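Grab a viewer and work through a few packing and pairing exercises. Try each task before you read its solution.

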Amino acid sequence: MQEGEVWAPDATHGFTKGTVVEIGSETLTVQTPDDAYIVAAYSKVFPTSTECLVDDNCMLLQLNEASLLDNIKCRFLIGKIYTYTANILTVVNPYRDLSALYTDALMNDYKGTSLGKLDPHTFAIADKAYTDMIYRGVSQSVIVSGESGAGKTETTKHVLKYLASVYGKSSANGIEDKLLQANPLLEAFGNAQTVRNNNSSRFGKFIEVNFNKAGEIVGGHINTYLLEKSRITHQNPSERSYHIFYRLLAGASQELRREIRLREIKEYKCLSEGRSGNMRDAEQFDEISDALRCIGVPDTEIHEIYKIVSGVMAFGNVEFIDSGDTRGGSKVSPESSDWIEIAATCLSLEGDDLRHSLTSRLMQTKNLKKGTTYMVPLKKKEALHNRDGLCKSLYTRLFNHIVKQVNQSLPLSDNSNCYIGVLDIAGFEYFETNSFEQLCINYCNEKLQQFFNSRVIREEQDLYKAENLGVNEIQFSDNQDCIELIERGFVLLDEEAKLPTSCEKHFTSLLHEQNRRHFRLQLPRKSKLSSYRSMLDEEGFIIRHYAGAVCYNTVGWLDRNSDTLHSSLEQLMLTSESDLVARLYSDIQDVKCNKKMVQDSVGGKFKKQLNTLLEKLQGTATSFIRCIKPNQHMAPAEFDGGKVLNQLISLGMVTALALMQAGFPSRIAFKDLYDMYSSNLPDKLKSLHPRMFCSALFRAIGMSPNDYKFGVTKIFFRPGKFAEVDLLMKSSSQHLIDMISRVEKWVLRQCWRRVQFAILAFNKWTKIARWRTGCIINIQKNYRMWSTRRNYLPRIEGVRAIKGSMSKITVMIEIASKIKYDRDAVNKEIDEMRQFLDGEMGQLKAGQVHTDLIQLKLGQIEDQVKRLLDRVKETQDSDKLRQIQEDMEAERLRQEEAERQRKLEEERQAEERRIKKELEEKRLRELEEQRKREEEERKRLEQERERLERERLEREEEERQEALRKEQEERDRMVALSISEDNQATLVKEEVLVPIEKDTKGGLDRNNIKDWKYSELRDCINTSCDVELLELARDEFHRRLKAYQAWKQKNLQRKKKEAAKPDLPLSSVPEAPVQSFRKEEDKPKHEHRLFKVPFVYPSYNNPSVRGWWYAHFYGKWIVRQLEIHPEKAPLCLIAGRDDLKMCELQLQETGLTKRKGSEITMKEFDDLWACCGGGTYVLREDQ
């Protein structure tokens, strides 16, 4: 390390070395070796350390996150992938074969070895768990955690292999082999290849290894959690489904392939979406068969297992098409006939029954006799969903059956004392598309992270406080709010599934609405990735996990959260001729055909399983193995410092390091250590208190006091120091006797030291007595000095007091020099006081005043000087007051003159303003009168033009009608003349006009003349020859004319009242009593509907700037429209006046009634209408 080097933060490498070149108030500027400059806060820059490649990070001289990262990196690059942080093991995935680290010889080396004596290893953690279980009688748990691809599965296998190989040799029932064979079997059916891991566990497992009191393996049990079902039917392009599919296709013999009707891998759609198999699939298939035989599965059942796997793969190729009948169902496509037969054969079912169950559903009728059922055809989409549900159900039940077989082969013995549990569960996941499974996995990791914080950090600090060790509290991030948020999401998803019309978008919107201000929840458009920002708010959400923010897409979550299969398919599986298939569904009994099974959702079930797991972990002593992923490419010897640092922080290793640095990670109770030696203690030492004995023991072995600390009930050790005590606890009997002898010698030595201390104390007290005699002589000498000083001190103090008074005389002289009016009288009094003080001082110096009277004399002198000083000051104040009064009088006269001048100026300005105002008012009146005259003239001219235009149009219409009438008459006349000439008939001189009235078939009905249009009435009056019809038309025409005139008169009166009283409320305006020509039952019943809709114009520079469009519908047509623009004045439109600018669609055509939240009240619309200058508006009910 060079002098002055520091660690500076770096986004790529985590930290980089450099030299400080500039020191600011809050930041440091660091120059790196490649001449780059980094500006960072003081808290982010750390000193470098000379230590490297230490086995325990707590042994670093500089304990900080930069040194932690550097130590792990240096060890990783030379092949040392294991590192301790106190009792926590950190493992970096090497992505290469390191078989030399896992030999049998190395396992034997770690057997019975204390933690820290040998290099860090998973074997050491496994041995520590075993030793603690044996010596303390408490069950142990080893929690293996980390991101996906960090090596958790391999680490779990190493722990189990060590326990089975080292401490399982004495077992004769083959439990160890079954325990080891269970791992490759579960991996084949539960692991898959993902973009970040070639052997990713898509389920969680907690493996319990049971031991008896002798420390022998006597049984085991495996609990599994949350198998990822969606991977069974489809995968991402760069991923694979479960290993068993590929290994079966690659390793099955030709005979087996024929029996279970296997095809080539490229023919299976459920496998062709992702990657194909690899070179080891064939040889690993044989391992699966051997593992199944090892756990006691017969060959016939193994054959049935492979048939079920083949059937699941065949289901993926089954497609459906519309049936084409009126019931709207579906059927199996012709191309899928072979595949449905393969699936039926593998499951020992009838092909027709399977087709029928996939494309229809058995239902029970309502309100009828019990047992009446009917088949409901399924649409194409529903049939596909039914097919996928059956695939997931089959594979999940098969997986659970295999786990059950493994557990049956590992029977729990009655003499089981404790167990060691190893937890391996899917690590924190984040992909380009994250769905419901990723949320469940990350929820589990949130709970485990909280358990780590609680067990390692919070409980550790609480113990330090209870034991009064005085260790400073370490702050850590609590993720309880994130856990509660996810659990609320599970509840909302379950409630959404119960709705009649459930939808993922409604669930997502509700989640955002109820957690609007939650710190952990964000909208997708706030993501830092551009691919997520295009996602709609109701399509997903972002949760800020302890390891980072993850964006979840909620499409299909309702189906993924559902853990039910319709009873018709379950009942079909029970009819299978295959014993294994029937046994997989044997728990389905007495299921009604019209109902689904009542089961918990996937999220609810997983939450219960996880709570049960955490309760079990709480009851055990825990060891932690934190797995680290060195890079995202799964490449060997490549270390991405930035990514590794983020994992160390998220896994709590930095916080744990700070706690271990300040604390004591190892501890043992006083009584436990005392009981270890009590049987070998002599009688005279058995009476020692355990705490005193522990103190004597540590003194005897020479342990430094800085390496341990005594609490209230326990002894606490610094990192690595507990190994020394652990070595003592496991020593031989002879060594224990020697140790007891050393303790006895230390106790005798302590007694001898006490005698020596007593002699030294006696000598010390003798010296103290001599010292006290000298002190008494000093006291006498000082008393005589004090007595003499007491006699002369009053006169000295009196002289000092008079001199102090003389200084006040000087002050009085200075004050007198500033007085203007009574200066001579004041100076005379001051001179007399000076002479008086000189005389008194002479008497004191001569000793003419008795000692007892000195204080009285001094008091009188002080009073006289004080009174004189007060008189001088009063004289000065009165002098100043006279001067102030003179100045105030002069100022008053000046202000009076200024006020008089100001009033004169104001009067002059007011007169000028009055004259200007009168002139301006006169000018405005003239302008207003001129404007009114011009407006009246304009209106008169406009009305005149309109009248002339109307008359012109009427004349033209009359002329046109007259011309048409004449033309029609001429044609009629010619026709009559022609007929008369042909038929020798006589032509009548009088004209006979043909009426144009029509019957009901032509569209007009004399019985409903009130419904005729105005033009029809006019034509009837002008052309009809029917006297009765003509009279009815004229009466109807005049009645309408009278109604119009009455309405016009009332309307003029209303306008006059509005002009006189513009502020009248809407309710006070009278309505015109217009006569209705409809029958009472024929009046239309309309209602007022008002809406508010935002809009954005493309011309706006800012797309986020919106305008508002308001509409008032009466019935199905719009009557008022208001537009509020952000860049111009509001626009108020009324039907009958601004029809060309208003909405032309009917209310139902606009779609406003289906738009949630757009409808408003009449009061809101009227208030806004008035504010925008719309004025008072009245709508008649008969309009």
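What follows is a set of exercises on a predicted model, each with a worked solution.

**Exercise 1. Get your bearings: how many helices and strands are there, and what share of the residues is buried?**

Start with the secondary structure, which comes to 35 helices and 29 strands. Next, take burial: 42% of the 1183 residues are buried. Finally, look at the contacts between residues at least 6 apart in sequence; 66% of these join residues at least 24 apart.

**Exercise 2. Check the span of helix α3 (residues 122-136) against 1.5 Å a residue, then work out how covered the helix is.**

First, the span. You count one step less than the number of residues, so the 15 residues of α3 should cover 21 Å, and the end C-alpha atoms are indeed 21 Å apart. Now go for burial, with under 20% relative accessible area as the cut-off. Eleven of the 15 residues pass, so to speak, and α3 is mostly covered. Among the buried ones are Phe123, Ile125, Tyr130 and Met133, along with Asp127 and Asp132. Last, step just past the helix: Gly137 has a positive phi of about 70°.

**Exercise 3. Which way does helix α7 (residues 243-251) cross helix α11 (residues 299-315), and what kinds of residues make the contact?**

Begin with the axes: they come within 11 Å and cross at roughly 105°. Angles of 65 to 115 degrees count as roughly perpendicular, and α7 and α11 are therefore roughly perpendicular to each other. Then list the residues that touch. From α7 you get Ile244, Phe245, Leu248 and Leu249; from α11 come Tyr306, Val309, Ser310, Val312 and Met313. Sort them by class and you have eight nonpolar, one polar and no charged residues.

As a side check on α11, its 17 residues reach 24 Å from first C-alpha to last, close to the expected 24 Å. Since 14 of those 17 residues are buried, α11 is largely enclosed by the rest of the structure.

**Exercise 4. Do the same for α7 and helix α10 (residues 281-294): what are the angle and the axis separation, and which residues meet?**

The angle is about 100°, with the axes 7 Å apart. That puts α7 roughly perpendicular to α10. On the α7 side, the contact uses Ile244, Tyr246, Arg247, Leu248, Ala250 and Gly251, and these meet Asp281, Ala282, Gln284, Phe285 and Ile288 of α10. By class, that's seven nonpolar, two polar and two charged residues.

**Exercise 5. In what order do β18, β19 and β20 sit in their sheet, and which strands are at the edges?**

Read off the order: β18-β19-β20, an open sheet with antiparallel pairing. β18 (521-522) and β20 (548-553) each have a single partner strand, so one side of each has no neighbour in the sheet. Strand β19 (residues 540-545) pairs with β20 over six bridges; one of the bridge pairs is Gly540 with Asn553. Now add the helices. Helix α15 (residues 436-466) packs on the sheet, touching β19 and β20, at about 150° to β20. Helix α16 (residues 480-497) lies across β18 and β19, at about 155° to β19.

**Exercise 6. Which strands form the edges of the sheet β22-β24-β23, and which helix lies across β23 and β24?**

This open sheet has three strands and antiparallel pairing. Its edges are β22 (666-669) and β23 (708-710), each paired on one side only, and the twist averages 20° from one strand to the next. β23 and strand β24 (residues 714-717) share three bridges, with Lys709 partnered by Phe716. The helix is α27 (residues 690-701), running at about 160° to β23.

Key: Residues numbered from 1 in each chain as written. Predicted model: local features only at pLDDT ≥ 70, side-chain atom pairs only at ≥ 80, totals over all residues. Heavy atoms only, no water. Axes fitted to C-alpha atoms, helices over the stretch in contact; angles between N-to-C directions. Helix = DSSP H or I, 4+ residues; strand = E, 2+ residues; numbered from the N terminus. Parallel < 35°, antiparallel > 145°, perpendicular 65-115°, else oblique. Contact = heavy atoms within 4.5 Å. Nonpolar A, V, L, I, M, F, W, Y, C, P; charged D, E, K, R; others polar. Buried < 20%, exposed > 50% of the residue type's maximum accessible area, 1.4 Å probe, protein only. Pairing = 2+ DSSP bridges.
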